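I wanted to look up how the nonpolar side chains are grouped in this model and where its charged side chains pair. I kept the entries in the order in which I checked things.

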Amino acid sequence: NGFPVDLSWMGVSDQQGWPGFLENWKKFGFDAVTCFPRYYLTPQKRKQLADYLKKARENGYKVVVNESPFHLMEKNYAGKNEIYTQLADGKSNRNLCPSYTGKYYGKELERIEDNVRLTVPDRIYWDIECWYNGALDAIRGKCTRCTELQKKSGLDMEHYLRRCGVRMLRDLKETVR
């Protein structure tokens, strides 16, 4: 109830470095702690994060996850050309393709699901501006995948790309669910 107030870019290490953080954070008007579970990769680190979030909840805080879906797909699968704009010469560039829904897209959703299971967040903030250049490639007719799927959809490219964005958000919502 009330107005949610948090500092979404404050990581757990910053919180833990502030003496008496959990006891004092509310005095500043905050109702949540934030975390970036994507940085907690080892079982030991993941357990430490889960323990900290449990303690935060016991102190009455909500948990906010700051997540960068698809940025990590781009980082973790940088050598996998299928995630990028597909060019007419059979090559790809380094711009994420908004139409891509293949194997690595699925792996990215699995990664997010694992982090949601770990943190059980009350709120998630999605940071997904990484589609800008891929969308420009599609608008400019450079991406053969986008062009082919856009034509099949019967929509103009702008509306097709909006549909891609809605699909991604629905996939994220379903993953969290």
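These are my entries on the cores, then on the salt bridges, then on one lysine.

**Entry 1, cores.** I noted at the outset that this is a predicted model. I looked up the largest nonpolar core and found 24 residues in it, those with the most contacts inside it being F70, M73, I83, L96, Y100, Y105 and W131. I then checked the helices, and found that α5 (103-119) and α8 (157-176) each supply at least two residues of this core, while α8 gives the most to it, with six residues. For background I wrote down that nonpolar side chains tend to be buried together in soluble globular proteins.

**Entry 2, F70.** Which residues does F70 touch, if those up to four places away in sequence are not counted? I listed L96, Y105, E108, I128, C130, W131, M168 and L172. I also recorded a second, separate core, which has 16 residues and includes V12, W25, V63 and V65.

**Entry 3, salt bridges.** I asked how many salt bridges the structure holds, and the count came to nine. I took R117 and E113 as one pair to examine, and their side chains meet in a salt bridge at 2.6 Å, N to O. Both residues lie in helix α5, four residues apart, about one turn of the helix. I noted R117 as exposed, since its relative accessible area of 59% is over the 50% cut-off, whereas E113, at 28%, counts as partly exposed.

**Entry 4, helix α7.** I next looked at K152 and E148, which both lie in helix α7 (residues 144-153), four residues apart, about one turn of the helix. Their side chains meet in a salt bridge at 3.3 Å, N to O. K152 is exposed, with a relative accessible area of 63%, and E148, at 45% relative accessibility, counts as partly exposed.

**Entry 5, R177 and a network.** I found that R177 forms a salt bridge with E174, with the closest N and O atoms 3.0 Å apart, and that R177 is exposed at a relative accessible area of 67%. I also wrote down that E67, E108 and R111 are joined into one network by salt bridges that share partners.

**Entry 6, K47.** Is K47 buried or exposed? I have it as exposed, because its relative accessibility is 52%, and I placed K47 in helix α3 (residues 43-58). Last, I checked K47 against R177: they are 130 residues apart along the chain, and their C-alpha atoms are separated by 22 Å.

Conventions
Residues numbered from 1 in each chain as written. Predicted model: local features only at pLDDT ≥ 70, side-chain atom pairs only at ≥ 80, totals over all residues. Heavy atoms only, no water. Core = buried A, V, L, I, M, F, W, Y, C linked by side-chain atoms within 4.5 Å. Buried < 20%, exposed > 50% of the residue type's maximum accessible area, 1.4 Å probe, protein only. Contact = heavy atoms within 4.5 Å. Salt bridge = Lys/Arg side-chain N within 4 Å of Asp/Glu carboxyl O.
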